[in-house]
Amino acid sequence: AIQLFWEASESFAQLAQVPILVFDSREDFKWSDANVENASYIFPDLYVKVVKEIIGTGGVLATIPLSEVNKGYLTPEEFHQEVFLLNNKNSSDTILIDCRNHNEYQIGNFDGALDPNTKTFA
């Protein structure tokens with residue numbers, strides 16, 4: 001099972017054009033020494049459901065090919081630079097909208113982000 005996981009992770013990373021998942025040490029991954037043949041008692045109520053989307057959008061986002069999902073996005077470094085420019089008024093043309101719902105926005109948000117006052121994602 002672990003070999004299948006690594007193969008699937010590597011295939012996904014190549015398709016998504018993102019770095020391949022790498023763990024520097026054994027502590028980077030949560031391992032289990034459970035006996036697979038007798039493991040059904042460990043999570044007796046576990047139910048795994050395969051869905052097309054984690055967040056229901058009516059299939060709108062499901063039609064985007066995996067090869068296209070990384071286009072037009074900022075790297076983490078570029079994102080932090082844009083937030084810095086936005087908050088320091090250094091002629092940034094950035095508008096930052098925190099798309100979490102209103103309650104989540106109230107708990108915590110990005111500096112300078114606008115709250116669209118949404119109740120749900122959809």
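Me: Which label fits Phe110: buried, partly exposed or exposed?
Reply: Phe110 has 39% relative accessibility. Buried means under 20% relative accessible area and exposed means over 50%, with partly exposed in between (1.4 Å probe, protein chains only). So Phe110 counts as partly exposed.

Me: What kind of model is this?
Reply: Residues are numbered from 1 along each chain as its sequence is written, and side-chain values use heavy atoms, leaving out hydrogens and water. Local features need pLDDT of at least 70, side-chain atom pairs count only at pLDDT 80 or more, and totals for chains, interfaces and linings use all residues: it's a predicted model.

Me: How many aromatic pairs are there, and of which type?
Reply: Rings of Phe, Tyr and Trp (its six-membered ring) pair up if their centres lie within 6.5 Å; planes under 30 degrees apart are stacked, over 60 edge-to-face, and the rest tilted. By that rule the count is one pair. Phe79 and Phe110 sit 5.4 Å centre to centre with 75 degrees between their planes, so by the cut-off over 60 the pair is edge-to-face.

Me: How many residues apart are Phe79 and Phe110?
Reply: Phe79 is in helix H2, where a helix is a DSSP run (H or I) of at least four residues, numbered from the N terminus. Phe110 is in the segment after H3, so the pair links distant parts of the chain. The gap is 31 residues.

Me: Which residue of the largest nonpolar core is in contact with both Phe79 and Phe110?
Reply: A nonpolar core is a set of buried Ala, Val, Leu, Ile, Met, Phe, Trp, Tyr and Cys residues joined through side-chain atoms within 4.5 Å. Here the largest has five residues: Val83, Leu86, Leu96, Tyr105 and Ala113. Contact means heavy atoms within 4.5 Å. Beyond neighbours within four places in sequence, Phe79 and Phe110 are among the contacts of Leu96.

Me: How far apart are the C-alpha atoms of Glu82 and Thr94?
Reply: Glu82 lies in helix H2 and is partly exposed at 23% relative accessibility. Thr94 is 12 residues away along the chain. Their C-alpha atoms are separated by 6.8 Å.

Me: What is the phi of Gln17 near?
Reply: Most residues other than glycine have a negative phi. Gln17 lies in the loop between helix H1 (2-16) and helix H2 (76-87), and counts as exposed at 56% relative accessibility. Gln17 isn't a glycine, yet its phi is positive, near 55 degrees.

Methods. Helices (H or I, at least four residues) and strands (E, at least two) are DSSP runs, numbered from the N terminus.
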